[in-house]
2 protein chains.
Amino acid sequence: MLDKYFTDCLYFTANRLTRVITRMAEEEFARTGLSPAYAFLLMAVQERNGLTQKELGEVLHLTPSTVTRFVEKLERKLLVTTRQDGRMSRVYLTDKGRAMQEQIEECWSSLHERYAKVLGREEGDRLTRRLYEVSVELEQA
Amino acid sequence: MLDKYFTDCLYFTANRLTRVITRMAEEEFARTGLSPAYAFLLMAVQERNGLTQKELGEVLHLTPSTVTRFVEKLERKLLVTTRQDGRMSRVYLTDKGRAMQEQIEECWSSLHERYAKVLGREEGDRLTRRLYEVSVELEQA
DNA sequence: AAATAATATTTGTACATACAAATTATACGC
DNA sequence: GCGTATAATTTGTATGTACAAATATTATTT
């Protein structure tokens, strides 16, 4: 069977899963008008208002250039502002950005419930933690 | 802790893992001059020479437009050819494409060994299978 | 204090991938 | 057999993300 070839490869299955779950997340976050990646950035800023772009990249595991692009876009939507602090650029929520938080968290919960319903809450959460650990372990290899 | 927010989300951890393992795969496949996604397409064609683009999309879990783009690129590199069959387009390996197979499989093995070394072979394979199952289960939700 | 090194960010560019609309080709109902 | 429905592919366009090079700012060395 052809499938076997691929289903044995972590690269392949991780990519496949990511496409599926990303699509789900996009659906759940659609009503915010943001794609989930941007919503997560906004959550990160809310958790630590004024963090630098470097820190954002670390938390979200995105490269600096990607962070720049994301922040620009959210600035254009008036959801964050940036202030220069030496060579760093700090990112702050605007009122409009703050006003979205609740909605974002609702989307996040819906997403969580949606996959918990399929996988079981326990199992879904266990898998999620495992994926995180694995990503960290592999990073150093 | 900020991290907790994200490490609890399957969307987030799956994306993170995918970025890490994709980078590893790109390194391993670099000497083929192909990114891993293209190499996998080539493997799929070798397994079932003359399959249609639709079938390719199903096996690789890619949308039709993406398959078109990938096949075009591999045609430009003279690794596959296509033949029209009614409204379908069938994809065949060229000699040059066939000649790459061995190298591709070597890369695939290196990749496999590389993450097995970190995760353990058993555990790596178990996780891989699990991710595949989960992606299939979630797809129907 | 000037010269150099280090660090954070930005910019230009490229790539994988998707969606929606357009196109092409077959199949079906009359 | 013709008109319409269906199916496969392609095309135009957009998005998320990365890398490499450029820029800007601060820190270190002399």
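This report covers a helix of chain A and the protein surface around DNA strand C in a predicted model.

## Helix α3 of chain A

Helix α3 of chain A runs over residues 36-47. Its twelve residues reach 16 Å from the first C-alpha to the last. That is close to the 16 Å expected at 1.5 Å a residue.

The helix is mostly covered, with nine of the twelve residues buried. Pro36(A) is one of the buried residues, and Tyr38(A) is another. The others form a run: Ala39(A), Phe40(A), Leu41(A), Leu42(A), Met43(A), Ala44(A) and Val45(A).

## The surface around DNA strand C

DNA strand C is surrounded by 25 residues. Chain A supplies Arg23(A), Gln53(A) and Lys54(A) to the closest group. Ser65(B) and Phe70(B) complete that group from chain B.

Several elements each give at least two residues to this surface. From chain A they are α2 (10-29), α4 (53-60), α5 (64-76) and β3 (88-93). From chain B they are α3 (36-47) and α5 (64-76). By class, the surface holds ten polar, nine charged and six nonpolar residues.

## Contacts with bases and backbone

Sugar or phosphate accounts for 64% of the strand C atoms within 4 Å of the protein. The rest belong to bases.

Two arginine side chains of chain A approach bases of DNA strand C. An N or O atom of the Arg69(A) side chain is 3.0 Å from a base nitrogen. For the Arg87(A) side chain, an N or O atom is 3.5 Å from a base oxygen. Ser89(A) instead uses a backbone N or O atom, which lies 2.8 Å from a phosphate oxygen of the strand.

Note on methods. Residues numbered from 1 in each chain as written. Chains lettered and ligands numbered in written order. Predicted model: local features only at pLDDT ≥ 70, side-chain atom pairs only at ≥ 80, totals over all residues. Heavy atoms only, no water. Helix = DSSP H or I, 4+ residues; strand = E, 2+ residues; numbered from the N terminus. Expected span 1.5 Å × (residues − 1). Buried < 20%, exposed > 50% of the residue type's maximum accessible area, 1.4 Å probe, protein only. Near = heavy atom within 4 Å. Polar contact = N/O pair within 3.5 Å; in protein donor to acceptor, adjacent residues only side chain to side chain. Nonpolar A, V, L, I, M, F, W, Y, C, P; charged D, E, K, R; others polar.
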